[in-house]
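Please read the following report on aromatic rings, a surface patch and a strand pairing with the model open beside it.

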Amino acid sequence: MFDLQSILWLTLIVFAIYYWRGALLVKDRAYAAAQKRCEEMQVQLLDETVYLRRLWFKRNDQGKLSLWRAFYFEFTVSGADRYFGRVIMLGARITQVELDAHRLH
């Protein structure tokens with residue numbers, strides 16, 4: 001009924017769907033963290049999005065290998081200038097949210 005090649009393809013498809021679903025959940029958490037930090041700093045999050053810029057493997061505090069992700073976003077203070085911010089995540093945990101130096105108006 002199923003040969004080895006069919007099982008391999010099915011496994012790869014299931015793994016891709018599992019990764020894609022998890023990546024969307026992590027991106028939503030990164031967006032929420034960026035939006036919260038922008039509200040705290042009284043700046044405006046531009047384009048209402050974050051995007052994945054870096055992806056790597058790194059060990060967490062327990063020594064377990066996890067995906068390290070750096071999501072970037074843009075924000076503005078006055079609407080004239082654009083600045084970058086980053087949400088750094090290790091696995092599903094947010095480790096850092098930082099904004100570039102910007103002018104206060």
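Two strands are said to pair if DSSP finds at least two bridges between them, where strands (E, at least two residues) and helices (H or I, at least four residues) are DSSP runs numbered from the N terminus. This is a predicted model, in which local features need pLDDT of at least 70 and side-chain atom pairs count only at pLDDT 80 or more, while totals for chains, interfaces and linings use all residues. Residues are numbered from 1 along each chain as its sequence is written, and side-chain values use heavy atoms, with hydrogens and water left out.

Strand 4 (residues 83-90) and strand 5 (residues 93-99) run antiparallel and are joined by six bridges. Leu90 has Arg93 in strand 5 as its bridge partner. The hairpin of these two strands has two residues between the strands, and Gly91 takes a positive phi near 70 degrees there.

A pair of aromatic rings is described by the distance of the centres and the angle of the planes. Rings of Phe, Tyr and Trp (its six-membered ring) pair if their centres lie within 6.5 Å, and planes under 30 degrees apart count as stacked, over 60 as edge-to-face and the rest as tilted. By this rule there are three aromatic pairs, among them the two in the table.

| Pair | Centre to centre | Angle between planes | Class |
|---|---|---|---|
| Tyr51 and Tyr72 | 6.3 Å | 35 degrees | tilted |
| Phe73 and Phe75 | 6.4 Å | 50 degrees | tilted |

The pair of Tyr51 and Tyr72 links distant parts of the chain, since Tyr51 lies in strand 2 (residues 51-59) and Tyr72 in strand 3 (residues 65-76), 21 residues apart. How buried or exposed are the residues of these pairs? Buried means under 20% relative accessible area, exposed over 50% and partly exposed in between, with a 1.4 Å probe and protein chains only. Tyr51, at 33% relative accessibility, is therefore partly exposed, whereas Tyr72, at 7%, is buried. Phe73 and Phe75 are both buried, and ring pairs link these two residues with Tyr83 into a cluster.

A charge sits over a ring if NZ of Lys or CZ of Arg is within 6 Å of the ring centre and within 35 degrees of the ring normal. Arg53 lies over the face of Tyr72 in this way, at 4.7 Å from the ring centre.

Leu52 is also placed in strand 2, and this residue counts as partly exposed because its relative accessibility is 41%.
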